[in-house]
Amino acid sequence: MHLNMTWADVAFLHWKVSADVLRPLVPAGLEIDSFNGSAWVGVIPFEMRDVAPTGMPPVPTATEFPELNVRTYVRHDGRAGVWFFSLDAASWLAVMGARGAANLPYFHARMSCSRPGPDDVAYESERTHPGAAPARFRAWYRPTGDAFLSTDGSFEHWCTERYCLFTTAEGRLQRLDIEHARWPLQPAVADVVENTMEAASGIALPPEPPHVLFARRLEVVAKWPVLVE
């Protein structure tokens with residue numbers, strides 16, 4: 001079974017970090033990927049839309065909702081992928097489904113995503129998951145230029161064109177493949193008013209402002225996890 005979805009109004013906020021900081025937080029079977037000698041942490045707010053299993057109708061309360069990911073980049077057997085430290089979502093059903101089906105670290109949060117201007121996005125999230133570390137995020141962001149496709153070898157390509165993610169189940173490494181067209185990226189600006197998302201996972205970000213990209217929308221297909229170790 002595959003899961004179809006659309007990711008909309010995506011902000012890619014990235015900070016350089018030391019790989020030594022991330023190493024204890026990522027399974028030993030995964031290599032922490034780097035760009036120009038640095039590891040990176042991404043905080044990615046967006047909206048999930050049109051979520052539905054292939055050939056089935058949408059599921060009420062789990063079809064459209066805000067989501068906010070904290071991630072880094074890894075490799076396994078030469079394959080580039082994503083490792084998630086957390087995924088917050090405003091749908092309880094989506095949170096429990098992803099935890100059960102893929103063992104992903106999803107948390108429920110009270111979230112809002114609004115558009116105060118033609119291009120502006122205002123985003124807020126406060127984690128409400130029982131027993132989870134507190135985590136908050138408030139920011140606005142907007143594109144500042146035309147859409148483009150990233151070129152091979154660029155940072156924009158390195159941090160967005162990844163077609164699998166990794167997780168673990170009972171101590172064994174799993175890979176979940178995804179399919180989508182190349183991201184239609186735009187240069188962007190962001191004002192991050194509050195962000196404790198990465199701190200909830202034990203990561204300290206540098207004081208410098210993030211590298212910012214924006215994408216209006218992209219259709220994605222996620223496949224069922226498979227064991228790789």
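**Figure 1. Charged side chains across the protein.** The protein carries 20 positive and 27 negative side chains. The centres of the two sets lie 2 Å apart. The model shown here, as in every view below, is predicted. Its accessible surface comes to about 10400 Å². Carbon and sulfur atoms account for 54% of that surface.

**Figure 2. The overall fold.** Three helices and 13 strands make up the secondary structure of the protein. The radius of gyration is 16 Å, close to the 17 Å that the globule rule gives for 229 residues, so the protein is as compact as a globular protein of that length. Along the principal axes, the C-alpha atoms fill a box of roughly 45 × 45 × 35 Å. Of the 229 residues, 50% are buried. Contacts often span the chain: among those between residues at least 6 apart in sequence, 67% join residues at least 24 apart.

**Figure 3. Two nonpolar cores.** The largest nonpolar core holds 36 residues. Within this core, W7, V10, F12 and W183 touch the most other members. Both strands and helices feed the core. Strands β1 (3-17), β3 (39-53), β4 (65-76), β5 (79-89), β10 (172-180) and β12 (211-222) each supply at least two of its residues. Helices α2 (92-102) and α3 each do so too. Another core, of 33 residues, lies apart from the largest one. Its members include A39, V70, A109 and V121.

**Figure 4. The surroundings of W7.** W7 is one of the core residues that touch the most other members. Which residues does W7 touch, not counting those up to four places away in sequence? F46, E47 and M48 form one run of partners. R216, R217, L218 and V220 are also touched by W7. I178 and W183 complete the list.

**Figure 5. M48 in strand β3.** M48 lies in strand β3. Its relative accessible area is 6%, under the 20% cut-off, so M48 counts as buried. Leaving out residues up to four places away in sequence, M48 touches M5, T6 and W7. Its other partners on that count are T63, E64, F65 and E67. R217 is a distant residue in sequence, 169 residues from M48. In space, the two are 9.7 Å apart, C-alpha to C-alpha.

**Figure 6. H157 in helix α3.** H157 sits in helix α3, which covers residues 155-160. Is H157 buried or exposed? Its relative accessible area is 18%. Buried means under 20%, so H157 is buried. Beyond its neighbours within four places in sequence, H157 is in contact with S150, T151 and D152. R182 is a further contact of H157.

**Figure 7. Two residues with positive phi.** Most residues other than glycine have a negative phi. D9 is not a glycine, yet its phi is positive, about 50°. N103 is also a residue other than glycine, and its phi is near 55°. Where do the two residues lie? D9 belongs to strand β1. N103 is found in the loop between α2 and β6 (106-114). D9 has 3% relative accessibility and counts as buried. N103, at 39%, counts as partly exposed.

Notes
Residues are numbered from 1 along each chain as its sequence is written. This is a predicted model: local features need pLDDT of at least 70, side-chain atom pairs count only at pLDDT 80 or more; totals for chains, interfaces and linings use all residues. Side-chain values use heavy atoms; hydrogens and water are left out. Helices (H or I, at least four residues) and strands (E, at least two) are DSSP runs, numbered from the N terminus. Buried means under 20% relative accessible area, exposed over 50%, partly exposed in between (1.4 Å probe, protein chains only). Contact means heavy atoms within 4.5 Å. The radius of gyration is taken over C-alpha atoms; the globule rule is 2.2 Å times the number of residues to the power 0.38. Accessible areas come from the Shrake-Rupley method with a 1.4 Å probe; for residues, only the protein chains shown count as cover. Lys and Arg count as positive and Asp and Glu as negative; His and the chain ends are not counted. The place of a charge is taken as NZ of Lys, CZ of Arg, CG of Asp or CD of Glu. A nonpolar core is a set of buried Ala, Val, Leu, Ile, Met, Phe, Trp, Tyr and Cys residues joined through side-chain atoms within 4.5 Å.
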